[in-house]
Amino acid sequence: MPLKRPALPLTGGCSCGAIRYEVAGLPLALYTCNCTECQTASGSAFALNMPVASKDLHFTKGQPKGWHKTSSSGAKVIAWFCGDCGARLYGEREGRPESMTLRAGTLDDTSWLEPAAHLFMRSAQSWVQPAKGAQCFEEQPVPAEFRAALAAWRSRFE
Ligand SMILES: [Zn+2]
Ligand SMILES: [Zn+2]
């Protein structure tokens with residue numbers, strides 16, 4: 001099923017409006033992560049993650065604050081959030097400067113969001129249902145499988 005192509009640039013920001021951003025290009029992917037860390041960080045059932053090319057992400061108002069941590073997989077990450085209202089905006093992985101993973105719920109228009117994949121389904125809430133055409137993974141998928149799922153998602157926009 002084809003996906004509605006969003007108007008570019010995408011725009012979004014934090015809850016209080018101190019931070020605003022734009023994304024100049026089509027995102028690289030969209031997936032949920034149901035791991036317990038994402039459940040805690042979001043205060044909800046899962047995180048809705050949208051990697052974008054770093055060159056496409058521009059802040060038009062304010063500058064987020066960074067919190068450094070080591071993820072359960074051992075990766076060093078920086079979680080960027082608004083210092084005023086605390087809304088989580090995106091994550092950055094050390095050694096992977098080419099992409100930033102936005103929290104897609106911070107977009108102004110979320111009507112077109114349909115995830116390509118669902119990660120860490122082993123810790124998903126029992127009532128979480130996968131999106132149509134999305135792939136489910138019990139944990140973090142191996143890179144080749146994950147790339148294939150995301151490429152399938154991007155091709156649905158063409
Ligand atoms: Zn804010
Ligand atoms: Zn997660």
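**Strand 9, its sheet and two zinc sites**

Outside the residues up to four places away in sequence, Ser99 touches Leu28, Val52, Ala53 and Ser54. This contact set, like every value below, comes from a predicted model. Ser99 is part of strand 9. Its relative accessibility is 16%, and because buried means under 20% relative accessible area, Ser99 counts as buried.

The rest of the strand can be described in similar terms. Strand 9 covers residues 99-103, and 5 of its 5 residues are buried. In a regular strand the side chains alternate between the two faces of the sheet. On one side of strand 9 are Ser99, Thr101 and Arg103, on the other Met100 and Leu102, and both groups are buried. Both faces of the strand are thus covered.

Strand 9 has partners on either side in the sheet order. With strand 4 (residues 47-53) the pairing is antiparallel and runs over 5 bridges. Among the bridge partners, Met50 is matched with Leu102 of strand 9, and Val52 is matched with Met100 of strand 9. Val52 is also one of the residues touched by Ser99. Strand 8 (residues 88-93) likewise runs antiparallel to strand 9, joined to it by 2 bridges. Here Gly91 has Thr101 of strand 9 as its bridge partner. Strands 8 and 9 make up a hairpin, with 5 residues between the two strands. In the turn of this hairpin, Gly95 has a positive phi of about 85 degrees.

These pairings belong to an open sheet of 8 strands, ordered 6-7-8-9-4-3-10-11, in which the pairing is mixed. The edges are taken by strand 6 (65-70) and strand 11; each has a single partner strand, so one side of each is left without a neighbour in the sheet.

Helix 2 packs against part of this sheet. The helix consists of 13 residues, 143-155, and at 1.5 Å a residue it should span 18 Å; the C-alpha atoms at its ends are 18 Å apart, in agreement with that expectation. Buried residues in helix 2 are Phe146, Ala149, Leu150 and Trp153. Viewed down the helix axis, the buried residues lie within an arc of 90 degrees, so they line one face of helix 2. An α-helix has 3.6 residues a turn, so residues three or four places apart point the same way. The elements against which the buried residues of helix 2 pack are strand 3 (31-33), strand 10 (117-119) and strand 11 (135-136).

Pro27 has contacts with both the helix and the strands. This residue is placed in the loop between strand 2 and strand 3. With a relative accessible area of 0%, Pro27 is buried. Beyond its sequence neighbours up to four places away, Pro27 touches Leu10, Met50, Pro51, Val52, Trp112, Trp153 and Arg154. One of these, Trp153, is a buried residue of helix 2. Pro27 and Leu102 are 75 residues apart along the chain, while their C-alpha atoms are separated by 9.4 Å.

Two zinc sites were examined. At the first, the zinc ion (ligand 1) is coordinated through SG atoms of Cys14, Cys16, Cys82 and Cys85 at 2.3 to 2.4 Å. The angles among the 4 donor atoms are 106 to 114 degrees, and the site is tetrahedral. The spacing of the donor residues in sequence is C-x1-C-x65-C-x2-C. Cys14 is in the loop between strand 1 (10-13) and strand 2 (20-23), and Cys85 is in the loop between strand 7 (76-81) and strand 8, so the pair ties together parts that are 71 residues apart in sequence. Cys14 is buried at a relative accessible area of 9%, whereas Cys85, at 33% relative accessibility, counts as partly exposed.

At the second site, the zinc ion (ligand 2) has as protein donors the SG atoms of Cys33, Cys35 and Cys38, which lie 2.1 to 2.3 Å from the ion. These donor residues follow the spacing C-x1-C-x2-C in sequence. Cys35 and Cys38 are both buried.

Helix 1 (residues 36-42) contains Ala41. Ala41 has a relative accessible area of 32% and is partly exposed. From Ala41 to Ala79 the C-alpha to C-alpha distance is 9.7 Å, and the two residues are 38 residues apart in sequence.

Terms used
Residues are numbered from 1 along each chain as its sequence is written. Chains are lettered from A and ligands numbered from 1 in the order in which they are written. This is a predicted model: local features need pLDDT of at least 70, side-chain atom pairs count only at pLDDT 80 or more; totals for chains, interfaces and linings use all residues. Side-chain values use heavy atoms; hydrogens and water are left out. Donors are N, O and S atoms within 2.8 Å of the metal (3.2 Å for Na, K and Ca); water is not among the atoms, so sites may look incomplete. Buried means under 20% relative accessible area, exposed over 50%, partly exposed in between (1.4 Å probe, protein chains only). Helices (H or I, at least four residues) and strands (E, at least two) are DSSP runs, numbered from the N terminus. Two strands pair if DSSP finds at least two bridges between them. The expected span of a helix is 1.5 Å times one less than its number of residues. The arc is that of the directions from the helix axis to the C-beta atoms. Contact means heavy atoms within 4.5 Å. Four donors count as tetrahedral if all angles lie between 85 and 135 degrees; four count as square planar and six as octahedral if opposite donors are over 155 degrees apart and all others between 65 and 115; anything else is irregular.
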